Amino acid sequence: FPSHDSATVINAPTISVYPNPTMGTINIHGVNSNNLKSITVYSINGKIIFTVDEKTMRNQYNASLIQIPTDKIGSGIFNLEITDTHKSTNITIFVP
């Protein structure tokens with residue numbers, strides 16, 4: 001597993017998800033709120049654990065940094081899906 005202070009860059013030099021593994025907050029930095037449609041956390045079995053839709057992101061989250069407290073998802077291995085108008089990007093997240 002990567003160290004607690006590592007960042008995982010996904011599909012674009014401007015988007016990063018950190019730390020991974022995490023014990024407090026999942027940070028998603030560099031998202032383009034104009035193109036972002038949803039952020040969803042799935043269990044390893046494919047069940048939706050947490051989701052933020054386009055409207056909620058515009059109203060409640062900073063456009064360049066979205067933080068998901070791990071107390072909303074619990075412990076385990078999860079799939080984080082970031083969907084924008086052009087593609088979906090997936091990354092595995094570890095929450096001890």
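Start with the open sheet: four strands in the order 5-4-7-8, paired antiparallel. Keep in mind as you look that this is a predicted model. The edges of the sheet belong to strand 5 (48-53) and strand 8 (88-95), each of which pairs on one side only. If you compare the directions of neighbouring strands in this sheet, ignoring which way they run, they are turned by 15° against each other on average. As a reminder, strands of a sheet pair through backbone hydrogen bonds, either parallel or antiparallel.

Now follow one of those pairings. Strand 7 covers residues 76-84, and eight bridges join it to strand 8 in antiparallel fashion. If you want a spot to anchor your view, pick I77: its bridge partner in strand 8 is F94.

Next, go to the end of strand 7 and find D84, which sits in that strand. Is D84 buried or exposed? With a relative accessibility of 18%, D84 counts as buried, because the cut-off for buried is under 20%. Its side chain has plenty to do with the residues that follow. A polar atom of the D84 side chain lies 2.7 Å from the backbone nitrogen of H86, and the side chain also reaches the backbone nitrogen of K87 at 2.8 Å. On top of that, the side chains of D84 and K87 meet in a salt bridge, at 3.4 Å from N to O. How many salt bridges turn up in a search of the whole structure? Just one. Its two partners aren't covered alike: K87 is partly exposed, at 35% relative accessibility, while D84 is buried at 18%. Leaving out residues up to four places away in sequence, D84 touches N35, L36 and K37.

One of those contacts, L36, takes us over to strand 4 (residues 36-43). L36 is at 5% relative accessibility, so it counts as buried. What does L36 touch, once you set aside residues up to four places away in sequence? The list is V31, E54, M57, I66, I82, T83 and D84. For a sense of how the chain folds back here, look at K55: it is 19 residues from L36 along the chain, and the two C-alpha atoms are separated by 9.9 Å.

I66 in that contact list is a handy way into another part of the model, strand 6 (65-69). This strand has two faces: I66 and I68 are on the covered one, whereas L65, Q67 and P69 are on the uncovered one. Strand 6 pairs with strand 3 (residues 25-29) over five bridges, again in the antiparallel sense. Within that pairing, T25 has P69 of strand 6 as its bridge partner.

Step past P69 and you come to T70, in the loop between strand 6 and strand 7. Loop or not, T70 counts as buried, because its relative accessibility is 9%. Which residues does T70 touch, not counting those up to four places away in sequence? They are T22, M23, G24, T25, I26 and V95. T25 is the residue you just met as the bridge partner of P69, and V95 brings you back to strand 8 (88-95), an edge strand of the open sheet where the tour began.

Conventions: Residues numbered from 1 in each chain as written. Predicted model: local features only at pLDDT ≥ 70, side-chain atom pairs only at ≥ 80, totals over all residues. Heavy atoms only, no water. Pairing = 2+ DSSP bridges. Axes fitted to C-alpha atoms, helices over the stretch in contact; angles between N-to-C directions. Buried < 20%, exposed > 50% of the residue type's maximum accessible area, 1.4 Å probe, protein only. Contact = heavy atoms within 4.5 Å. Salt bridge = Lys/Arg side-chain N within 4 Å of Asp/Glu carboxyl O. Polar contact = N/O pair within 3.5 Å; in protein donor to acceptor, adjacent residues only side chain to side chain.
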